[in-house]
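Me: I'd like a close look at one part of this model: whatever enclosed space it has, and what sits around that space. Take me through it slowly, please.

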Amino acid sequence: AQTTPPHQPAAQSTPTAMSPPPPTVIKRRGTKVGLFLKHTETESHPAIPSFTMVVGGRMEHAEVQQRVLESICQYERFRAAVIGDSFVEVEGAFSIADHVRPITRDDLQGEWPPTRERLRAFMERRFCLPMDPSKPMWEMIVAHGYRETDDRSSSEGGKTAVVARVHHVIVDGTAAGIMLGALSDEAKTDSILDEATKAMIDEKVRAIKASVTGGCNQLKVGLGITSVLCKYLHSWLFREEPASPFRGSTSGQRTLAWRAGIDCEASIEAARKHGCTLNDLWMSCLAHAMGSYMRSRHSKGLTSAAAGGVAAVSPSVTDGLELTAGLPVSLHPPILPPEVGNSSGNKFGFLLVRLPMEECDLVARLRRVHDVLMDAKSSPEALVSHQLARVTGCLPDALISSAVSAAGNSSTSTIMSNVRGPPKRLHINGSEVESITGFLPTPPGVALGVGLGTYAGSIGVSVTCDRVLLGDGVADELLQLMLQEHERYLQLREVNR
């Protein structure tokens, strides 16, 4: 019997002669700040900004896949793995199916359809998971048939919710929000940011840089940089806020709460009545919520592990008390179309400010917060922290980045981010994008993160809490306290008219 096929070629003496050519490899170094955040993340605290987008019509995940391929996947960093400090793309290795998929019944723990509460539980589990750097570090999960409640008798249910996670090494929060906007019908013909918004952002960037370079001599800049470094060193050496329930050994497990559709113009008008900004107003609402939570917590006789098992507060716990809040400040957001392709963002600094926790008149608190923020913004702290992250981010030893991050966060109780989104209504396949809400990734040790974002004349507010340190229900409680205080400012605006 013939054991060898009659036309089988003879074995090759050189095995590599028949090997395919090596794949094309594209390699580009990531942004220094993005690498800094990658170095400082932990497995339970990944540096991954997350978003939800609700679309008024039904969309299948295949439609979203096609939109993503036509828009953001045209840019190499969305197709590349993160190997070491560089984006590395191997030609033919990227598959859209690995990154855009439909939500499943298993994702919702056997329940269906996807409702707000079921989606929240899914997001709480999902947002604390790290991503595999050997693949592009982003994902979109499409929940078609989304509805706010489980009332099947309502006509609701033809909506789509998209849950997106994008690692900071690819984009920052601002660029991630614009990335979602790049999926819209408007992105095909228009810039997502209008000319007035671009001009305003440019002006703010110039003002921040002018606060350091404009008319300042080298001695003044040097003294400013020294003062900022001393501030970080002091914060690290002398750990403050031992009574803060918002600091401690965080688990990374999260509870989430959010509200979209808040009237932006009304908030701006309420703030301007007192010579303040929208950011001042919501920082004041956050200070009120934190202080109220501490007073309520004491009245219930609760204790805190962070306080060593004793009562975490005294009857006058918030009298004269200030807690540190971290505030990211954008220095050069991506503003030119196509926005998501021109920049990954990650050009931001960090301010540390002290927020008053004591119970006081809401106008007095607002003005006090305004003064604190103005002092911080007039200092070189944002640029210094940005440059410090850039320098340590390009060093090979991640321990240095982690030490710098730990020093900056050592006394921080909360972080609040304000992201400006598209100013006009967007549509996908003709269906209106009803809301875009961002969620802040909190660093180790910080149990509270607040995300503030604008979209088409409305505000979305999200609260992220550490489940183990603060417990279930606290995110909802803090959000309600913020919204109640915000309503008081709106009522005061009406009184003063």
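Reply: A cavity here is a set of points, on a 1 Å grid over the protein atoms alone, where a 1.4 Å probe fits but cannot get out. Keep in mind that this is a predicted model, where local features need pLDDT of at least 70, side-chain atom pairs count only at pLDDT 80 or more, and totals for chains, interfaces and linings use all residues. Numbering starts from 1 along each chain as its sequence is written, and side-chain values use heavy atoms, with hydrogens and water left out.

With a threshold of 30 Å³ or more, the count is 1 cavity. The largest cavity holds about 50 Å³ of space, a volume being what probe spheres set on the points fill, with points joined across faces, edges and corners.

So who lines it? Going by residues with an atom within 4 Å of a point, the wall of the largest cavity consists of H45, T250, G252, Q253, R254, T442, V446, A447, T464, C465 and D466. That lining splits into 3 nonpolar, 6 polar and 2 charged residues. V446, A447 and C465 are on the nonpolar side, R254 and D466 are the charged pair, and H45, T250, G252, Q253, T442 and T464 count as polar, Gly included.

The top contributor to the lining is β15, with 3 residues: T464, C465 and D466 fall within its span, 458-466. Strands are DSSP runs of E, at least two residues long, numbered from the N terminus. R254 belongs to the wall too, and β8 covers 254-263.

Those two strands sit side by side in an open sheet of 6 strands, ordered β8-β15-β14-β11-β9-β10, with mixed pairing; a pair needs at least two DSSP bridges. β8 is an edge strand, as is β10 (348-356), each pairing on one side only. On its other side β15 meets β14 (residues 448-455), running antiparallel to it, with 8 bridges between them. One of the pairings links Y455 to S458 of β15.

For context, there's another open, mixed sheet of 6 strands, in the order β5-β6-β7-β2-β13-β12. Its edges are β5 (100-102) and β12 (427-428), and each of these pairs on one side only. Further in, β2 (residues 50-55) and β7 (residues 159-166) run antiparallel and share 6 bridges, with M53 facing V162 of β7.

Back at the cavity, then, look first along β15, which gives the most to the lining.

Terms used: Helix = DSSP H or I, 4+ residues; strand = E, 2+ residues; numbered from the N terminus. 1 Å grid on protein atoms, 1.4 Å probe; cavity = no way out; pocket = protein on both sides within 12 Å on 5 of 7 lines; lining within 4 Å.
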